[in-house]
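Visitor: I'd like to know how the labels on a model like this get decided. Can you walk me through them?

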Amino acid sequence: VTQTICHPTADNGLWCFALIQNNTTDILENVSAQITLLDENNNALASQPAFTPLDIIPPNSSLPVYVFFQNTSANANIQVQLLSAIRSNNSRYLPATLHNTIAQIDWNGLTAQLSGQIILPAESIPATQVWVAVVAYDKDGRVVGVKRWEGGAVQPGGNLQFNFAVSSVGSAIDAVEFFVEAR
């Protein structure tokens, strides 16, 4: 866990993120964590399981787990406990890649329009499910937004276009990072 942060909402909620780093050469699968909010005396105020936007975290990269807490104090401290992470042999996941990714951040930095292309190599088997995840970061490198786009099937040698938006729940978006998963 390399980063933890909560962003308050106008309706007294908190979006909480914990950035999970995979510093191995293997894919990590089924990553989950328990995010607990603590008061000033370290008493638990609320606790929920949190998950990544994809089933996998690629080698040498990071994806956040995240959760929303309703009616919670913005002054709470955050505690994260990793619950699960399995090293995967990659047999269930196909070698899809992203090409021509574009992130157009709006003038106020609160939304980014995302587009690109998913390509499945000709030597692959067909994909029945393709997901693209985007993580939005502020100028200090803190997670401020996450969004997953779910696409359909892709044939070997084929491609699929995607176009969606991610919004910030914190400060202005400065950068985004794209991830793909195909099965």
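Guide: Sure. A salt bridge here is a side-chain nitrogen of Lys or Arg within 4 Å of a carboxyl oxygen of Asp or Glu. Keep in mind that this is a predicted model.

Visitor: What makes D26 and R87 a salt bridge?

Guide: Their side chains come to 3.4 Å, N to O, and the limit is 4 Å, so the label fits. D26 lies in the loop between β2 and β3, while R87 is in strand β7, so the pair ties together parts that are 61 residues apart in sequence.

Visitor: Why is D26 called partly exposed, and why is R87 called exposed?

Guide: Exposed starts over 50% and buried is under 20%. D26 has 27% relative accessibility, so it falls in between. R87 has 57%, so it passes the upper cut-off.

Visitor: How do you know that D138 and R142 form a salt bridge?

Guide: The closest N and O atoms are 2.8 Å apart, and that is within 4 Å, so they qualify. D138 is buried, with a relative accessible area of 2%, whereas R142 is partly exposed at 32%.

Visitor: What about K139 and D140, what makes them a salt bridge?

Guide: Their closest N and O atoms are 3.7 Å apart, so they too are within the 4 Å limit. K139 counts as exposed at 67%, and D140 as partly exposed at 48%. D138, K139, D140 and R142 are linked in a network of salt bridges. The structure holds seven salt bridges.

Visitor: On to the rings. How many aromatic pairs are there?

Guide: The count is six aromatic pairs. One of them is W15 with Y66: the ring centres are 6.5 Å apart and the planes sit at 45 degrees, so this pair is tilted. Stacked would need planes under 30 degrees apart and edge-to-face over 60.

Visitor: Why is the W15 and F68 pair called tilted?

Guide: The planes are at 50 degrees, with ring centres 5.1 Å apart, so "tilted" is the right word. W15 lies in strand β2 and F68 in strand β6, so this pair ties together parts that are 53 residues apart in sequence. F68 is partly exposed, at 24% relative accessibility. Ring pairs link W15, F17, Y66 and F68 into a cluster.

Visitor: How do you know that β1 and β2 pair up?

Guide: Pairing needs at least two bridges, and six join these antiparallel strands, so they pass. C6, for instance, has C16 as its bridge partner in β2.

Notes:
Residues are numbered from 1 along each chain as its sequence is written. This is a predicted model: local features need pLDDT of at least 70, side-chain atom pairs count only at pLDDT 80 or more; totals for chains, interfaces and linings use all residues. Side-chain values use heavy atoms; hydrogens and water are left out. Helices (H or I, at least four residues) and strands (E, at least two) are DSSP runs, numbered from the N terminus. Buried means under 20% relative accessible area, exposed over 50%, partly exposed in between (1.4 Å probe, protein chains only).
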